Amino acid sequence: MNTFRTLLSTILVLSIFEPTGAQEKDIAFFGDDIVDVSAEQNERFIELEERLGGEVESIKDEIDEKRAVYEKKRELYETARLEILSLEQRDDLAKMRRQRVVRESREQHSRDVEFLAKLLPILREMHSQKTMQIFEGPQRKGIDKPEAPIEKDSVHYVKKYFFYKEPLNLSEDDEIAVSATIGSFRSFGAYAGGKMCGGFHPDANIQIKTSQQTIQVLVCFGCAEAKFIVGDEELLVDLEDDAYNTLRRICFPNFRRHGPSEGRLSK
């Protein structure tokens, strides 16, 4: 058991002393992240390590060992099954597997090409951005669709979705980060289908006005999807992890009227 590795990745491993008379400070490692902690918290981390840390590491070692045994047994099992086949049958099986790999690769390539053919012209147009605003969508609890508020003048509609009229108040750095994120093709992937979370419902509408038109990017943080709307055209895409995390980090703290609901998912 590698006790040092456990200490390094889960608890306090280093104390930092300030000049004489200053309060003692400690740091704790949570994976690759460092958190400043008090001496009292440090003592609790040490107690927790003595009580549970060793057991957790022991179980992990057991799992790694069983995984290695599993992989070896699985390889022996598959090899033994293949040996039952004739040489001709093995050749046919290998041919089928190669054909399947080629077919799946071509299908994925076709989907990617079709997706990029629709997305890239939109991104190209967005690069002539004049202004950008982000509008907050209504809070949704679970799979229930929110209803428009009684005061209709406080919202505006985009297709069948509504957003509060007052845009979010973002810092210049946040605006730059949002523009860079939604302007990159790496932020999006081809739509992979429904996410079993009640359907697409946008939490935010990122509205880009260019020299030619208005482009709206509706973002659903529940299912990590985005919908580009340009005129009557719509393009539903998946959000890649980095883009999702960036937009979520910026939008959520700036939501004013309706904070993130418990029904929303984190990624």
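Reader: Hi! Is Arg67 buried, exposed or something in between, and what puts it there?
Author: Hello! In this predicted model, Arg67 counts as partly exposed, because its relative accessibility is 47% and that class runs between 20% and 50%.

Reader: Nice. Which residue does Arg67 form a salt bridge with?
Author: That would be Asp64, with the closest N and O atoms 3.1 Å apart. Both residues sit in helix H2, three residues from each other, about one turn of the helix.

Reader: And what about Lys60, which residue does that one pair with?
Author: Asp64 again: Lys60 forms a salt bridge with Asp64, and their closest N and O atoms are 3.0 Å apart. These two are four residues apart in helix H2, which covers residues 39–84.

Reader: How accessible are Lys60 and Asp64?
Author: Lys60 has 40% relative accessibility, so it counts as partly exposed. Asp64 comes out at 32%, so partly exposed as well.

Reader: Switching topic: which residue does Arg81 meet in a salt bridge, and at what distance?
Author: Arg81 meets Glu78, at 3.5 Å from N to O. They are separated by about one helical turn, because they lie three residues apart in helix H2.

Reader: Are those two buried or exposed?
Author: In between, really. Arg81 is partly exposed at 45%, and Glu78, at 27%, counts as partly exposed too.

Reader: Back to the earlier trio, what joins Lys60, Asp64 and Arg67?
Author: Salt bridges with shared partners link Lys60, Asp64 and Arg67 into one network.

Reader: Last one: how many salt bridges are there in the whole structure?
Author: A search of the whole structure finds seven.

Definitions and conventions
Residues are numbered from 1 along each chain as its sequence is written. This is a predicted model: local features need pLDDT of at least 70, side-chain atom pairs count only at pLDDT 80 or more; totals for chains, interfaces and linings use all residues. Side-chain values use heavy atoms; hydrogens and water are left out. A salt bridge is a side-chain nitrogen of Lys or Arg within 4 Å of a carboxyl oxygen of Asp or Glu. Buried means under 20% relative accessible area, exposed over 50%, partly exposed in between (1.4 Å probe, protein chains only).
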